[in-house]
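Biologist: Please choose a single part of this model and take me through it closely. I am new to it, so explain each term as you use it.

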Amino acid sequence: MANTSSPNGTGDGDLQPPLVSGQDGSKHAGESGLGRSISFGIAILFLIGVAVYAKLTLGEAAGAGFVVFAAIIGAYMAMNIGANDVANNVGPAVGSGAITLLGALAIAGVFEAMGAIIAGGEVVNTIRSGIIDPEMIANPDTFLWVMMAALLAAAIWINIATAMGAPVSTTHSIVGAVAGAGIAAAGFAIANWDVIGRIVMSWVISPMMGAGIAAFLLYVIKRTITYQSDLNAAAMRWVPVLVAFMGGVFGVYMMLKGFSRIMKVDLHTAVIVGMVAALLTYALVKALLTRIGEVENSKTGVNRLFNIPLIFAAAMLSFAHGSNDVANAIGPLAAIVEVTRSGGAEITQAAPIPLWVLVIGALGLAVGLWLFGARVIRTIGSEITEMDQMRAYCIAMSATITVLIASELGLPVSTTHVAVGAVMGVGFLREYLKTNYDNILAEIREHHAGEERESLDRFMRKFKAADIRERGIMLKALKAKNRARAETTIISKRERKRIRKLYRKELVKRSLVIRIVAAWVITVPSTALIAAFLFFTIRGYML
């Protein structure tokens, strides 16, 4: 009986208005027919600008024409990553109302670009995760065709997924594409099947870890804050702890994931930085709450305390994402540039990234997010399950903690799968709590059968005003009282099952979950097939 609802008696099913695109309800440019036309027009102009920029940078160097074409495809890939993958970082914050869509686009666009340019790194593993053995491709021209086909195939697949509103893993997309193009070029022996097996395993690991951690954090928040009769006192005591925990975790995350490419940071140093960040955050939040005084003694009042932390979380996650996942867009491009520059003299696992290539990737992330990101932001922010600030906090924390744990254990996880799994975990926990609460109310009514209506109403008012501990005591006393009454019929197991079924609530959109999971499962094989087809097409044209 511990899993009851908030003291106001509404359970966990209180809903917020669905996300449109901003808190003012205005539509994003990409949502109307005219808006889509404008967005596509701007995208085309951006790609033309990339071509001109690449040509001016390369001049009359050998193979410049081929590299310019590759730069266009790399920019196209970066735009698709911006439109799809970045939604993981800002979707929950937008859906909760902590920030408008316009604000999220501005924050994520700026910090994604900053992360890519400042901490994008000097070297990127272009044969992603060792998915193929480049030594089995002796001909440099064939290697270039493999990279070109992989880059275009991944971009096309992510574009399709974005149009469907399905968040997919951009890392898995490029991995599948490189594998498919590599197999088409040199046979199945070129593929590292152990790595591919670990990637398949991550389809289960990523969402399960994300869902479990997010659900656990949300339940802790409910037990410590929203299930208390005095929400204001509980918030004053626990919100500084929760936000400090976020500050500490993000301190570690930023050191290991955000700045790891520009400075060497070990786990011990990162943890020390995280502890300092947590202490500073706690002191700052505690002082701020002391100055504010009391907050509104309701769930809405407590939720507002998480607005600023969620904005910072969106910014930090975007920076870290830009520094890491920009490689998915420009890794193959960097390989093409390096092989072309060396005249085909060497095909290496890693290639230095020229600044102009980093700029293309950074701008592509921002442009794609701005033009086409609203669809996937809506999916994550409000369509899977309704969002508020506390739920968004749990999702952001779950994504960060899961990635850190997985990295240290050497487990392959997708940030997209983790984030979406966290959203699902929060939604399914809400379903369980809401259904359980309604079952409890139904049992209370059954236990009061035959008594005057006033007696039931009096008990219900007291029960809804009590905190979770007091509710447990009241329920035990009620059951003991009814067991002591010989004439009372105890509710049978069959009747309990009927009650549970009657009051079952579905707060997660099943059809959307199935569609997203299906997109995850077919990402690697789909990009592999597309890349293989494109490789044969490019080879046929070039030969």
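Modeller: Helix 8 and helix 14 cross in a left-handed way (the near helix is turned anticlockwise from the far one by less than a right angle; clockwise would be right-handed). The model is predicted, so local features need pLDDT of at least 70 and side-chain atom pairs pLDDT 80 or more, while totals for chains, interfaces and linings use all residues. Residues are numbered from 1 along each chain as its sequence is written, and side-chain values use heavy atoms, without hydrogens and water.

Helix 8 spans residues 231-258 and helix 14 residues 389-409; their axes come within 10 Å, crossing at roughly 40 degrees. Helix 8 is therefore oblique to helix 14 (not under 35, over 145 or from 65 to 115 degrees).

On the helix 8 side, the contact (heavy atoms within 4.5 Å) is made by Leu242, Val243, Phe245, Met246, Val249, Phe250, Val252, Tyr253, Leu256 and Lys257. Helix 14 supplies Tyr393, Ala396, Met397, Thr400, Ile401, Val403, Leu404, Ser407 and Glu408. By class, 15 of these residues are nonpolar, two polar and two charged (Ala, Val, Leu, Ile, Met, Phe, Trp, Tyr, Cys and Pro are nonpolar; Asp, Glu, Lys and Arg charged; the others polar).

Beyond this contact, the whole structure has five aromatic pairs (ring centres within 6.5 Å; planes under 30 degrees apart are stacked, over 60 edge-to-face, the rest tilted). One of them is the stacked pair of Phe188 and Trp193, with 6.2 Å between centres and 20 degrees between planes.

Note on methods. Axes fitted to C-alpha atoms, helices over the stretch in contact; angles between N-to-C directions. Helix = DSSP H or I, 4+ residues; strand = E, 2+ residues; numbered from the N terminus. Phe/Tyr/Trp six-rings, centres within 6.5 Å; stacked < 30°, edge-to-face > 60°.
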